[in-house]
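Biologist: I would like a close look at one charged side chain and its surroundings, then at how that part compares with other positions in the model. Please give cut-offs for each term as it comes up.

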Amino acid sequence: MTVMEQRGAYRPTPPPAWQPRTDPAPLLPDAEPYRVLGTEAAAQADPELLRRLYAQLVRGRRYNVQATALTKQGRLAVYPSSTGQEACEVAAALVLQERDWLFPSYRDTLAVVARGVDPVEALTLLRGDWHTGYDPHEHRVAPLCTPLATQLPHAVGLAHAARLKGDDVVALALVGDGGTSEGDFHEALNFAAVWQAPVVFLVQNNGFAISVPLAKQTAAPSLAHKAVGYGMPGRLVDGNDAAAVHEVLADAVRRAREGGGPTLVEAVTYRIDAHTNADDATRYRADAEVETWREHDPIELLEREMNARGLLDEDTRRTVREAAEEMAADLRARMNQDAVLDPMDLFSHVYAEPTPQLREQQALLRAELEAEQEGAH
Amino acid sequence: MTTVALKPATMAQALTRALRDAMAADPTVHVLGEDVGALGGVFRVTDGLAKEFGEDRCTDTPLAEAGILGTAVGMAMYGLRPVVEMQFDAFAYPAFEQLISHVARMRNRTRGRMPLPITVRVPYGGGIGGVEHHSDSSEAYYIATPGLHVVTPATVADAYGLLRAAIASDDPVVFLEPKRLYWSKDSWNPQEPQSVEPIGRAVVRRPGRSATLITYGPSVPVCLEAAEAARAEGWDLEVVDLRSLVPFDDETVAASVRRTGRAVVVHESGSFGGPGGEIAARVTERCFHHLEAPVLRVAGFDLPYPPPMLERHHLPGVDRILDAVARLQWEAGN
Ligand SMILES: Cc1ncc(C[n+]2csc(CCOP(=O)(O)OP(=O)(O)O)c2C)c(N)n1
C-alpha cells in the first residue's frame with residue numbers, strides 16, 4: 001500500500017487565499033537611472049533652481065579641493081572627499097525645508113555646509129578638535145556619523161516623533177553603497193515602512209566601499225530594488241545630474257510630508273578621489289574608469305544645460321567663482337589658526353552632572369595642569 | 001468603616017506603576033519594544049499601558065533591537081523621552097552598537113547640545129530556570145561604557161523610585177531589572193506617596209559590625225539571608241545595596257568598610273573583568289589602613305551562563321558567601 005493509498009479519502013483543506021500586502025509593481029525602480037540634464041525634461045527645470053544648484057556645486061567642489069589641501073598641510077587629520085558626488089550632496093541640502101532634518105555620514109560635510117552650517121564647524125570632527133562642532137538643533141543637522149548606517153534608525157525615530165507631535169517635518173538620511181549591507185540599514189528601512197515614517201533614504205552609490213566594488217557588496221539588481229521588500233518605493237537616479245537628484249528627492253520629500261511614507265533613492269555616482277587622503281585608489285581601480293566618470297562631471301553637465309538655455313552668462317559664472325574663492329580663502333585662514341582647547345572640557349559633557357568618579361579625575365587633571373603651568377614659569 | 005486589606009505589590013507591578021505614573025506626568029514619555037503593547041511585555045511590566053495611553057505612546061515595534069534603540073535615539077533628538085524595553089539580557093546585544101556608539105556619547109559628541117534622555121530597561125540575571133540566552137548578567141559591559149548610568153533595584157520600593165528617577169534623568173540610563181525578583185513582594189504600599197530616589201546612592205540594608213557584604217540587584221536578598229545565617233557563627237554582617245553601579249557611591253561603601261574592616265563583594269556576573277574587581281580595588285584604595293583582610297569576591301563562574309539544571313552551582317548562594325566570610329579571618333601568611 002502506498003502512502004497515498006493509506007491516506008485514502010483524506011482531502012487537505014486548502015490554505016486561506018493568499019494576497020500580496022502591497023502591489024509591488026509601483027514600488028519598483030525604473031530600469032535606467034532617471035535623468036533631466038541633456039534630456040527633454042530639462043526644458044521644464046526651474047531656472048532659479050538650476051542657478052542655486054550651480055552656485056552650490058561650484059562652491060562645493062571648491063570646498064572639497066580646499067579641504068583636501070588642508071590634509072596635506074596637516075590641518076585636517078583626514079578628509080573623505082565627495083568630489084564627483086557634489087550633485088547628491090547639494091540636492092540633499094537644498095531639497096529640505098528649514099524645519100526638516102538632515103542625517104549625514106562622514107563623507108557628507110558638503111551637504112552639511114550647503115545646509116548652512118559654518119564650514120569650519122562642519123570640519124571639527126575631521127580636524128580633531130571636537131567631535132561635532134555645530135549645534136545639531138540650530139540647523140537641524142545630526143552629527144556627522146562614522147559608524148556605517150547607524151544614523152538611519154535615528155532619522156526614522158526623529159521623523160516618527162515629529163509626526164506624533166503633529167509637525168510636518170521630514171528627515172533625509174544619507175548612506176553609502178557599502179552602508180546598505182549593514183544590519184541597521186535593514187532595521188531602519190523596515191521600521192520606516194511599518195511606521196510610515198516621513199523619512200527619505202538617499203544612497204550615494206559611488207561604486208566602492210573603500211576598495212570593495214558594489215558587485216561584492218550586493219547581488220541585488222540595484223540598491224533601489226531593496227525598497228520593494230520593505231514595502232516602499234525605490235527610485236534610481238543619475239547621481240551626477242543635480243536637477244534629477246533634486247527632482248527625485250523633492251518628490252520623495254513631498255510624499256513623506258503628505259503622509260505617504262518613506263522612499264529609498266539610489267543615486268548612481270562615482271567617487272573621483274580616493275576614499276580618503278590616506279587611501280591608495282590605484283590598488284583597486286583603473287585610471288581609465290575614473291576618466292570615463294570625469295567626463296560625466298556634475299558641474300559640467302549642469303553648465304552645458306544652462307548654456308544651452310542661456311542661463312549662464314559670464315557675469316554669473318564669475319560671481320559664483322568669486323564667492324567660492326572667498327569661501328575657500330576664509331576656510332583656509334580660519335583653519336590655519338590653531339584651535340584653542342580647554343582640557344577641562346573633557347569632563348564637561350559626559351553627564352548632566354559629573355559622577356563623583358569623574359569629579360575625582362577632573363581634580364587630578366586640574367592639578368596636573370596647574371603643575372605644568374608652574375613648571376613653565 | 002471597612003478597611004480593605006491591600007494585596008502587596010510585586011516588583012513587576014511597581015515597575016508598571018512607575019511607567020504609568022511617568023507617562024501620566026509627562027506626555028513626552030514613550031514606551032517601545034517587542035510585545036510591550038497588547039501583551040504587556042513578556043514579564044507584563046508594560047501591562048495596560050497601550051490601552052491607557054494608546055499605541056503611539058506604548059508601541060509594539062518590529063523585532064529588531066538595534067532598530068528599537070536607534071529609533072529611540074531619533075525620538076529623543078526630537079524631544080521625547082523613550083523608555084525602551086529589551087526583552088531579555090542577551091537579546092540586548094544586537095543593540096550594543098547603538099548603545100555604545102550613540103546613546104552613551106551623544107551628549108559628549110555634541111558638546112552638551114544633544115543629551116539623550118533614554119531609559120533602556122533590561123531584565124537580567126539568572127535563577128529563573130531560563131534556557132540559554134535568558135539569564136546573562138551583562139552589567140560589566142554597561143558599566144565599562146562612559147556616558148551611561150547603570151542602576152538596578154533590589155526592592156519593590158526601589159523598583160518604583162529608581163525607574164521614575166531613570167525616566168526623569170536627562171542622561172541615558174541602563175535600568176537592569178533582576179528578573180528573579182519580578183515576583184518578589186515586600187512592604188511597599190502603592191497607596192502611599194512614593195519616594196523617587198536620586199540615582200547614585202547606595203543604602204545600608206542591614207547594619208552590622210563584623211564585615212560588609214557589598215552587593216546589588218538579585219544578590220541583595222541572598223546576602224541578607226547569608227547575614228541572618230552568619231549570626232549563628234558569631235558574625236554580624238552589614239549589607240550594602242549599591243542600587244547604582246554608575247555613578248558609584250564610594251562614600252557609603254567606604255564608610256561601611258571602615259566601620260567593619262572587612263568586605264566581600266557579591267554578584268552573579270563573572271568574576272574576571274566583572275564589577276567586583278572594580279569595587280574591590282576602590283575599597284582597597286580608600287580603606288587600606290582599615291582593612292583586616294583582603295577584599296574578597298563571590299561571583300558567578302567565568303563561563304557562559306550554564307543550563308538551568310546547573311545554574312544553582314553557578315549562582316553565588318548563601319554557603320559560598322559564608323565560606324568567604326570565614327576566610328575574612330585572615331592572617332598574614334594565610
Ligand atoms: C560599522 C563600520 N564598519 C566599518 C567602518 C570603516 N569604514 C569606513 S568607510 C567604509 C566604507 C564605506 O563605504 P560606503 O558605505 O560605500 O560609503 P563611501 O565611503 O563610499 O561614501 C568603511 C568600511 C565604519 N566606519 N563603520
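Modeller: A residue is called buried under 20% relative accessible area, exposed over 50%, and partly exposed in between (1.4 Å probe, protein chains only). By that scale Glu238(B) is buried, because its relative accessibility is 2%. The model is predicted: local features need pLDDT of at least 70, side-chain atom pairs count only at pLDDT 80 or more, and totals for chains, interfaces and linings use all residues. Residues are numbered from 1 along each chain as written, chains are lettered from A and ligands numbered from 1 in written order, and side-chain values use heavy atoms, without hydrogens and water.

Glu238(B) sits in strand β9 of chain B, which covers residues 237-241 (helices, H or I of at least four residues, and strands, E of at least two, are DSSP runs numbered from the N terminus). Its side chain makes a polar contact of 2.7 Å with the side chain of Arg259(B) (N or O atoms within 3.5 Å; within protein, one able to donate a hydrogen and the other to accept it, with residues adjacent in sequence counted only if both atoms are side-chain atoms). Arg259(B) also appears in the contact list of Glu238(B), which leaves aside neighbours within four places in sequence (contact: heavy atoms within 4.5 Å). That list includes a group at lower numbers: Val204(B), Arg206(B), Pro207(B), Gly208(B), Ala211(B), Thr212(B) and Leu213(B). At higher numbers, Ser256(B) and Thr260(B) are among the residues that Glu238(B) touches.

The numbering around Arg259(B) leads to another buried position. Leu291(B) is in the loop of chain B between α10 (275-287) and β12 (296-300), and its relative accessibility of 18% makes it count as buried. Not counting residues up to four places away in sequence, Leu291(B) touches Val257(B), Gly261(B) and Thr284(B). The C-alpha atoms of Leu291(B) and Arg262(B) are separated by 5.8 Å, with their positions 29 residues apart along the chain.

Asp319(B) offers a contrast in accessibility. Its place is in helix α12 of chain B, residues 318-327, and at 58% relative accessibility Asp319(B) counts as exposed. The C-alpha atoms of Asp319(B) and Ala229(B), 90 residues apart along the chain, lie 9.2 Å from each other.

For chain B as a whole, 61% of the 334 residues count as buried. Among its contacts with a separation of 6 or more, 81% join residues 24 or more positions apart. The C-alpha trace spans about 65 × 60 × 40 Å along its principal axes. Chain B exposes about 13300 Å², and carbon and sulfur atoms supply 52% of that area (Shrake-Rupley method, 1.4 Å probe; for residues, only the protein chains shown count as cover).

Chain A supplies an intermediate case. Asn307(A) is found in helix α12 of chain A, residues 298-308, and its relative accessible area of 39% makes it partly exposed. Beyond its neighbours within four places in sequence, Asn307(A) is in contact with Leu312(A) and Arg317(A).

Polar atoms of chain A also approach the ligand. A polar side-chain atom of Asp177(A) lies 3.0 Å from a ligand oxygen atom, and a polar backbone atom of Leu148(A) is 3.2 Å from a ligand nitrogen atom. An N or O atom in the side chain of Asn206(A) is 3.0 Å from an oxygen atom of the ligand. The ligand has 580 Å² of accessible area on its own, and the protein covers 73% of it.
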